[in-house]
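Me: I am new to this structure and would like a close look at one part of it. Please take me through a single strand and its surroundings, and then show me how that part sits within the whole.

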Amino acid sequence: MGSGQVTSSEPFDFQGKHVTVAGLGVSGVPAAKVLHGLGALVTVVNDGDDERARAQAADLEALGVTVRLGDGDTLPEGTELIVTAPGWKPDKPLFAAAARADVPVWGDVELAWRLRGPDAAPWLAVTGTNGKTTTVQMLASILKAAGLRTAAVGNIGVSLLDAVLGEEQYDVLAVELSSYQLHWAPSLRAHSAAVLNLAPDHLDWHGSMEAYAADKGRIYEGNGVACVYNAADKATEDLVRAADVEEGCRAVGFTLGTPAPSQLGVVEGILVDRAFVENRQKNAQELAEVADVNPPAPHNIANALAAAALARAYGVPAGAVRDGLRAFTPDAHRIAHVADVDGVAYVDDSKATNTHAAEASLAAYEPIVWIAGGLAKGATFDELVAKSAQRLRGAVLIGADRALIREALARHAPQVPVVDLDRTDTGAMRAAVQEARRLAQPGDTVLLAPACASMDMFANYNKRGDAFADAVRELGSVDG
């Protein structure tokens with residue numbers, strides 16, 4: 001962080017200030033418009049100079065915003081503040097120049113935090129390598145079930161700037177935050193926050209696992225009521241210990257086992273709270289049944305417990321936790337059951353784009369015929385395969401980096417039959433599903449949990465999941 005970074009959240013008067021917005025796109029364009037509306041003298045810098053960027057630039061220039069395309073590295077003269085898109089790497093020359101000039105750098109989350117009114121809704125914030133979106137959506141569902149005006153915002157749903165500046169009045173916000181966003185949000189102070197898990201991801205952006213974890217841990221800084229951590233993931237508890245929080249803020253764990261005092265957990269199929277109850281040494285509050293969680297896979301139960309912990313920290317009654325979880329419907333391509341064909345279940349978890357997510361998905365079923373592969377993004381697969389080997393009936397590999405998974409299977413699961421599809425066209429998914437059907441037996445699950453990104457073959461993980469679902473439905477129609 002440059003020496004010019006501001007860590008207090010004092011009001012900032014934008015009138016007449018020279019503000020540089022780094023990056024057009026999802027966050028940059030709205031930020032530029034908001035800042036211009038507040039009287040700032042806004043310059044937008046952008047690396048790209050394509051047709052879409054030129055159209056966005058024309059839109060902004062019509063308002064009186066200056067736009068520089070094809071030059072995202074030079075600090076405009078007179079800049080007093082940079083507001084950056086979250087994806088811009090900290091090592092960009094623009095930020096080095098800002099540090100030398102003592103110019104603070106904020107992200108869109110920091111900007112939204114600074115622009116909140118005096119009676120602004122508190123934030124219940126969630127981060128983690130996997131499960132963020134689901135947990136925030138569960139949390140919003142629970143808060144709504146309690147009769148609170150809320151929205152899922154941040155990295156999903158409503159933009160934070162819209163939530164803070166729009167006409168809609170909220171009681172509390174359920175906020176998803178990525179490590180990128182947290183890196184550029186020095187003064188964020190949540191009511192309560194959770195880090196769901198930590199596994200290597202985006203290390204090319206952060207530079208190291210330590211830097212990645214430190215940015216995730218920023219979510220706990222200044223928490224007022226509860227820092228929620230994963231009792232099965234010591235790294236998340238370590239982040240709580242390192243955080244500087246408000247007096248009286250508590251560490252609250254969640255576990256898939258029996259909870260200790262100050263934890264939420266599971267007892268005989270019941271989600272229970274031993275954190276937000278009178279006399280937590282002796283008492284526990286029933287919140288919901290495991291069957292109320294959709295789907296009741298282990299990692300999704302963990303998500304539900306984290307959401308429940310944040311809601312309980314905000315004072316939500318137990319009944320609303322149950323009602324909110326029952327009302328929650330997961331997004332497509334997240335351990336979604338597509339169909340049963342010949343006694344075999346076909347499950348789409350195309351969202352499992354890294355090894356940590358795939359491991360959680362594989363832990364939810366057995367026996368499994370696993371469809372995997374794509375762009376590895378620098379990942380290794382030995383640990384994933386070693387942990388999951390006993391669950392595998394077979395594996396069908398697709399995509400550019402499938403050899404890495406094939407080699408890990410050869411090392412750690414030599415008994416598992418592997419089909420290596422040497423093709424990366426979109427039709428490969430149909431062939432993969434047909435090969436998986438050949439390997440599967442009644443009672444098995446054919447699981448698409450690629451552990452890789454999709455862009456070698458598909459526009460995104462949604463398109464990959466759609467291709468899988470279409471191929472499965474084709475199997476069913478042939479049967480029937």
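**Strand β4 and its surroundings**

Reply: In this predicted model, strand β4, which spans residues 81-84, is covered on both of its faces. Leu 81 and Val 83 lie on one side and Ile 82 and Thr 84 on the other, and all of these residues are buried.

The next thing to follow is how β4 pairs with other strands. It is joined to β1 by four bridges, and the two strands run parallel; within this pairing, Thr 20 has Ile 82 of β4 as its bridge partner. Strand β4 is also joined to β5, in this case by three bridges, and these two strands run parallel as well. Here Thr 84 is the residue that stands opposite Gly 107 in β5. The residue Ile 82 is thus named both as a bridge partner of Thr 20 and as one of the buried residues of β4.

Between β4 and β5 there is a helix to consider, since β4, helix α3 (residues 93-100) and β5 make up a β-α-β unit that is right-handed.

Aromatic rings come next, and a search of the whole structure finds four aromatic pairs. One of them is formed by Phe 14 and Trp 106, whose rings are arranged edge-to-face, with 6.2 Å from centre to centre and 90 degrees between the planes. This pair links distant parts of the chain, because Trp 106 belongs to strand β5 (residues 105-107) while Phe 14 lies in the segment before β1 (18-22), 92 residues apart. Phe 14 and Trp 106 are both buried. Ring pairs also link Phe 95 with Trp 88 and Trp 184 into a cluster, and Lys 92 lies over the face of Trp 88, 4.7 Å from the centre of the ring.

Finally, the whole chain gives this part its setting. The protein chain has 17 helices and 20 strands, and buried residues account for 55% of its 480 residues. Of the contacts between residues at least 6 apart in sequence, 66% join residues at least 24 apart. Taken along the principal axes, the C-alpha atoms fill a box of roughly 70 × 60 × 40 Å. A compact globule of 480 residues would have a radius of gyration near 23 Å, so the 24 Å of the protein chain agrees with that expectation.

Key: Residues numbered from 1 in each chain as written. Predicted model: local features only at pLDDT ≥ 70, side-chain atom pairs only at ≥ 80, totals over all residues. Heavy atoms only, no water. Phe/Tyr/Trp six-rings, centres within 6.5 Å; stacked < 30°, edge-to-face > 60°. Buried < 20%, exposed > 50% of the residue type's maximum accessible area, 1.4 Å probe, protein only. Lys NZ or Arg CZ within 6 Å of the ring centre and 35° of its normal. Pairing = 2+ DSSP bridges. Right-handed = clockwise from strand over helix to strand, strands pointing away. Rg over C-alpha atoms; globule rule 2.2 N^0.38 Å. Contact = heavy atoms within 4.5 Å.
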